[in-house]
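The exercises below are meant to be worked with the sequence and the coordinates side by side. Each one sets a task and then takes the solution step by step.

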Amino acid sequence: MTFDYPAAWSVKDPAGELPEGGGAFAEVTNEAGKPLATLRTNMAVGSTCMDRYPYSVLDSEELPQLMQGEGTPRFMYETRGNSATPGPADTPAAAYGITSVPAPTGDSASCIFHFFNWPPTAAMFGANFNPENNVTPGASSLPILEQAKKYMETDEYQDIRRMITSLRPA
């Protein structure tokens, strides 16, 4: 797999121990060395989250160039929880990445899982929104979900979005 990224950013490959049987594990950092996204292939998936939370899709784009089997992969930037109902404990309130799981229906969704079908199992390319890494000027006093929404207005978010949506087979 290959992708485009800003010249000032860095890619560490491998970024850690590779899964049994091989695969990719790369981490993309900005010029300050803050992690912005991780690409992993040959992922073991199977986690479940039965609880449901209010959700919001902030951004979405289909990525047919990554189609493998069922479910067209799509870039997603989404949230869980709201001011009245917090999202799941110890999981992200907002995240961006590629997924091929069916889109939520209704007014609630389970935890955020950004995995997509990629031989031999699954892959992921994205990250959790983290105010320590994803700096949004003027938003530090806002609740996390408001910070996540404002992050979309930054050049950094636009660069991340372009990078992730540029992912393609090498």
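**Exercise 1. Decide whether Glu-61 is buried, exposed or partly exposed, and trace the salt bridges that connect it to other residues.**

Step 1. Glu-61 has a relative accessible area of 30% and is therefore partly exposed, since the buried class ends under 20% and the exposed class begins over 50%. The model is a predicted one, and the values that follow are computed from it.

Step 2. The salt-bridge partner of Glu-61 is Arg-161, with 2.6 Å between the closest N and O atoms. Because Glu-61 belongs to strand E4 and Arg-161 to helix H2, this pair ties together parts of the chain that are 100 residues apart in sequence.

Step 3. Arg-161 also meets the side chain of Asp-59 in a salt bridge, at 2.6 Å from N to O. Here too distant parts of the chain are linked, with Asp-59 in strand E4 (residues 53-62) and Arg-161 in helix H2, 102 residues apart.

Step 4. Asp-59 counts as buried at 14% relative accessibility, and Arg-161 is buried as well, at 17%. Taken together, Asp-59, Glu-61 and Arg-161 are linked in a network of salt bridges.

**Exercise 2. Contrast this network with the salt bridge between Lys-149 and Glu-146, asking where in the structure that pair lies.**

Step 1. Across the whole structure the search finds seven salt bridges, and one of them joins Lys-149 to Glu-146, whose closest N and O atoms are 3.6 Å apart.

Step 2. Both residues lie in helix H1, and because they are three residues apart there, about one helical turn separates them.

Step 3. Lys-149 is partly exposed at 38% relative accessibility, and Glu-146 is partly exposed at 35%.

**Exercise 3. Establish how strand E6 is enclosed, and which strands pair with it.**

Step 1. Six of the six residues of E6 are buried, so the strand is largely enclosed by the rest of the structure.

Step 2. Ala-94, Tyr-96 and Ile-98 point one way from E6, while Ala-95, Gly-97 and Thr-99 point the other way.

Step 3. E5 pairs with E6 in the antiparallel sense over six bridges, and within E6 the residue opposite Phe-75 is Ile-98. E9 also pairs with E6 in the antiparallel sense, over three bridges, and in E9 the bridge partner of Ala-95 is Asn-128.

**Exercise 4. Place Tyr-96 within the largest nonpolar core and among the aromatic rings.**

Step 1. The largest nonpolar core holds 26 residues, and Tyr-96 is among those that touch the most other members, a group that also includes Tyr-77, Ile-98 and Phe-125. Elements giving two or more residues to this core include strands E5, E6 and E9 and helices H1 and H2, and the largest share, four residues, comes from H2.

Step 2. Leaving aside residues up to four places away in sequence, the contacts of Tyr-96 include Leu-36, Phe-75, Tyr-77, Tyr-151, Ile-160 and Ile-164.

Step 3. There are seven aromatic pairs in the count, and ring pairs link Tyr-96 with Tyr-77, Phe-129, Tyr-151 and Tyr-157 into a cluster.

**Exercise 5. Describe the surroundings of Ala-24.**

Step 1. Ala-24 sits in the loop between strands E1 and E2, and with a relative accessible area of 25% the residue is partly exposed.

Step 2. Its contacts, not counting residues up to four places away in sequence, are Leu-18, Leu-39, Arg-40 and Thr-41. Of these, Arg-40 lies over the face of Phe-25, at 3.9 Å from the ring centre.

Notes:
Residues are numbered from 1 along each chain as its sequence is written. This is a predicted model: local features need pLDDT of at least 70, side-chain atom pairs count only at pLDDT 80 or more; totals for chains, interfaces and linings use all residues. Side-chain values use heavy atoms; hydrogens and water are left out. A nonpolar core is a set of buried Ala, Val, Leu, Ile, Met, Phe, Trp, Tyr and Cys residues joined through side-chain atoms within 4.5 Å. Buried means under 20% relative accessible area, exposed over 50%, partly exposed in between (1.4 Å probe, protein chains only). Contact means heavy atoms within 4.5 Å. Two strands pair if DSSP finds at least two bridges between them. Rings of Phe, Tyr and Trp (its six-membered ring) pair if their centres lie within 6.5 Å; planes under 30 degrees apart count as stacked, over 60 as edge-to-face and the rest as tilted. A charge sits over a ring if NZ of Lys or CZ of Arg is within 6 Å of the ring centre and within 35 degrees of the ring normal. A salt bridge is a side-chain nitrogen of Lys or Arg within 4 Å of a carboxyl oxygen of Asp or Glu.
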